[in-house]
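Please find below some comments on the model under review. They are set out as numbered points for ease of reply.

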Amino acid sequence: MEKKRYESRLLLVSLFFILILGIIVSLSDPSGIARNGIGLDVDSLSGIYLILFLVGLGMISMGIVIRLVAIATLKKNFSGRLRIREDHTLIKNGIYHWIRHPAYLGIIITYIGIPVLLSSVLGLLVMSLIIPLLIHRIKLEE
């Protein structure tokens, strides 16, 4: 049976575009810790910048781990594209026992963690654009 797509490539391209744009905006935000270009010197961070850096680093790490655990739990049922397979089963064990869409949660936490790490309000605004796109994708998946 042929696998059906339920999303456009535009959605996936949009997710990638937001990531790239969010990183660029976060790095160029004049209020952020990377305001002097790529020469980020973690040793010179102090106060709130250090706290935001560590929180952002923790968010990125946690988001990646949550996503990897979700993918590992799904095993053969995982796909980067929305598809319904003939032998598809609803997974309710592992991380899916507690969180309905952990892979998406991992993406959101990671995307939001980048501007937090760089203390960029503008980057946070750009990265938050991913949330409505993922909500749309979740609705397509449901």
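**Notes on surface, core and backbone**

1. A surface patch of nonpolar character, about 290 Å² in area, is made by Phe 16, Ile 20 and Ile 24. The model is a predicted one, and the patch should be read in that light.

2. Within this patch, Ile 20 belongs to helix H1. Ile 20 has a relative accessible area of 34% and is therefore classed as partly exposed, since that class lies between the 20% limit for buried and the 50% limit for exposed residues.

3. Turning to the interior, the largest nonpolar core comprises 26 residues. Those with the most contacts inside this core are Tyr 96, Ile 107, Tyr 111, Ile 114, Met 127, Ile 130 and Leu 134. At least two core residues are supplied by each of helix H1 (9-28), helix H2 (47-74), helix H3 (102-117) and helix H5 (130-141). H3 provides the largest share, with nine residues.

4. Which residues does Ile 107 touch, not counting residues up to four places away in sequence? They are Arg 67, Ile 130 and Leu 134. Of these partners, Ile 130 and Leu 134 are also listed among the core residues with the most contacts.

5. The backbone at Ser 119 deserves a remark. Most residues other than glycine have a negative phi. Ser 119, although not a glycine, has a positive phi of about 45 degrees. Ser 119 is placed in the loop between H3 and helix H4 (121-127). With a relative accessible area of 9%, Ser 119 is buried, because the cut-off for that class is under 20%.

Key. Residues numbered from 1 in each chain as written. Predicted model: local features only at pLDDT ≥ 70, side-chain atom pairs only at ≥ 80, totals over all residues. Heavy atoms only, no water. Core = buried A, V, L, I, M, F, W, Y, C linked by side-chain atoms within 4.5 Å. Buried < 20%, exposed > 50% of the residue type's maximum accessible area, 1.4 Å probe, protein only. Helix = DSSP H or I, 4+ residues; strand = E, 2+ residues; numbered from the N terminus. Contact = heavy atoms within 4.5 Å. Patch = residues over 30% accessible without salt bridge, like charges linked within 9 Å, V, L, I, M, F, W, Y side chains within 5 Å. Areas by Shrake-Rupley, 256 points an atom, 1.4 Å probe, with all protein chains shown as cover. Salt bridge = Lys/Arg side-chain N within 4 Å of Asp/Glu carboxyl O.
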